[in-house]
Amino acid sequence: MQVVATAGHVDHGKSSLVRAITGGEPGPLGGEPSGGPALDLEFASATLPSGERLAFVDVPGHERLVGTMLAGAGPVPAVLLAVAADQGWMPQTEEHLAAVDALGVRHGVLAVTRSDLADPTIALRQARERVARTALRGSEAVAVSAATGAGLDQLTAALDRLAARLPVPDETAPVRLWVDRARAGAGAAVVAGTLTAGTVEAEDELILMPAGERVRVRHVESAAGEPAGRVRGVARVELHLGGVRSERLARGMALVSPGRWTPTGSVDVRTRFGEASGRLARQMVLHIGSAAVAVRLRPLGPDTARLTLNSRLPLHVGDSALLRDPARRAVAGVSVLDVRPPTLVRRGAGAARARELASWPDRPDGGLVLRRYGVLRRSELTVMGCAVPPAALSIEFPDGRGDGRPRDEWLADPEHWEDLHRRLAAELDRHAAAHPLAPGLPLEQARLRLGLPSRRLVAALVREPLRVREGRVYGPPPPLDPDTSAAVRRLLAGLGPFEPPTAERMAELGLTPRELAAAGRAGALLCLAGGLVLPPGAGDEALRVFSGLPQPFTVGTASRALGADRRTTVALLEHLDRQGLTRRAGDRHVLGERDGPDAPAPGK
């Protein structure tokens with residue numbers, strides 16, 4: 001199926017054409033056909049000579065109903081533009097053409113109607129001249145009369161050729177169905193819209209925006225009201241929904257695939273097909289799909305602006321939309337450049353952002369978006385509508401503790417990742433110079449200094465000669481003198497992971513507090529409070545043991561699990577508490593969040 005919207009001045013014969021082509025009356029969802037000029041969105045469908053099914057969205061042509069017209073034409077890939085032979089080009093014809101051009105519609109057919117009432121030559125020439133200045137240039141033009149039937153076969157053939165030229169959408173694409181009609185059905189709420197891509201089938205779960213509620217598709221119908229197990233775009237579709245009341249549904253809402261779109265109230269855009277951003281009104285209406293949302297506009301560069309929306313919309317980078325100033329009847333097309341733009345609070349931030357956006361294309365790809373953020377979760381790139389760039393570094397972590405849940409995957413721009421590694425080494429040097437007796441930079445401090453959203457990413461950055469142990473990043477270990485190194489090896493020989501050597505044994509080997517501290521800085525020993533020392537991997541091994549205990553756990557439980565005495569267990573827990581790897585919960589302990597809290601993504 002393909003979908004075409006009508007466009008043109010009021011009473012120029014749009015609805016008559018649809019009636020003549022389809023053999024039926026266009027009408028609203030769940031209502032009676034109007035039988036006259038459309039005052040709201042109306043729908044009809046026909047089978048073309050090739051066998052292609054064509055659905056029509058018939059829009060009103062009155063100047064006070066431009067918003068309704070945009071709700072119908074917004075999601076539709078092609079237009080049937082009607083111009084009456086006896087009236088010629090009219091103001092509303094011009095406004096409709098400007099609107100579909102700003103929306104980026106590039107496919108259409110021009111119909112000069114009522115050719116039985118006047119010679120269509122002049123109207124045809126006027127229309128061709130104006131259409132030639134837009135993205136619809138080259139569209140076929142046909143003179144036709146719905147009253148006599150003259151030219152209807154030629155118009156139907158032109159629509160058939162148009163349908164064959166329209167791009168085939170991706171049936172696996174995420175669903176975004178803009179609601180243009182809603183009503184109460186038999187035991188369910190019913191919505192209708194133009195499905196531009198993707199596939200919807202019964203029992204699918206979708207998200208209703210802007211509320212963010214989950215709803216379930218109980219039943220699917222095609223444009224002709226025929227039941228269908230599944231429908232793929234492009235198509236007119238009706239969905240019977242469970243989990244929501246019909247009175248809560250309205251035109252302009254959207255049903256979207258879960259986890260595939262960014263709900264946003266702020267976007268950076270490039271203005272197209274209209275005035276420079278600085279000349280646009282500061283209060284406008286953004287039209288996308290069937291939605292019409294009031295926005296506040298802040299010019300950035302000559303053709304870029306920040307839009308603050310009154311309601312969240314589910315958007316992708318590269319979306320096309322229309323800005324309209326109803327008072328001036330002016331429109332401008334926009335391309336969405338960023339659905340998660342950075343805040344602009346510092347002096348000069350707007351100008352800096354304009355310089356950054358100046359080099360961006362209208363449809364930024366995943367490589368550009370990843371360079372802008374540096375590091376992102378794969379899912380974050382997906383909800384922005386971007387494919388993973390081939391050069392991206394993939395960093396995977398188990399999600400959970402070996403319970404089979406999905407892995408947490410991050411993506412990094414290669415140049416940014418190398419820069420982070422260099423910065424981490426520099427931060428370790430600065431920390432060692434400032435704190436010579438406290439070796440190792442805590443992962444959380446490193447995360448904050450590098451502006452990373454997770455501690456796990458800091459650990460992933462570490463490679464030789466850097467190392468991570470017990471919640472800290474260490475630089476290259478300082479060399480121990482041969483005598484101390486040999487004494488430490490003899491000290492640890494035969495000891496268990498949680499068995500501290502006695503003070504007498506350390507003294508016997510000549511390991512004074514100074515030598516023990518040096519061994520701790522070198523990572524050869526784990527030095528605890530009270531003069532206790534353990535093998536260097538004791539902390540990590542203890543965390544592994546504690547992860548298998550019911551949380552929270554007592555010191556006694558931990559002691560038995562480790563096979564260690566109470567004094568050693570307490571000292572070890574105090575050490576892990578200081579690292580943020582465990583924490584007190586009353587008189588018990590619980591594992592800390594090893595990954596650390598997620599911070600705002602880089603660039604935010």
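Q: What counts as a salt bridge in this predicted model?
A: You look for a side-chain nitrogen of Lys or Arg and a carboxyl oxygen of Asp or Glu. The pair counts when those atoms sit within 4 Å.

Q: Which residue forms a salt bridge with Asp419?
A: Let's check the distance: the closest N and O atoms are 3.9 Å apart, and the cut-off is within 4 Å, so the pair counts. Both residues lie in helix H9, three residues apart, which means about one helical turn separates them. Asp419 is partly exposed at 28%, and its partner is exposed at 51%. That partner is Arg422.

Q: How many residues apart in sequence are the parts that Arg181 and Asp40 tie together?
A: These two form a salt bridge, with the closest N and O atoms 3.2 Å apart. Arg181 lies in strand S8, while Asp40 lies in the loop between helix H1 and strand S2, so the bridge ties together parts that are far along the chain from each other by 141 residues.

Q: Is Arg236, the salt-bridge partner of Asp180, buried or exposed?
A: The side chains of Asp180 and Arg236 meet at 2.7 Å, N to O. Asp180 has a relative accessible area of 1%, and Arg236 comes in at 5%. Buried means under 20%, so Arg236 is buried.

Q: How many salt bridges does a search of the whole structure find?
A: Some residues are linked in a network of salt bridges, including Asp268, Arg306 and Asp338. Searching the whole structure gives a total of 35.

Terms used:
Residues numbered from 1 in each chain as written. Predicted model: local features only at pLDDT ≥ 70, side-chain atom pairs only at ≥ 80, totals over all residues. Heavy atoms only, no water. Helix = DSSP H or I, 4+ residues; strand = E, 2+ residues; numbered from the N terminus. Buried < 20%, exposed > 50% of the residue type's maximum accessible area, 1.4 Å probe, protein only.
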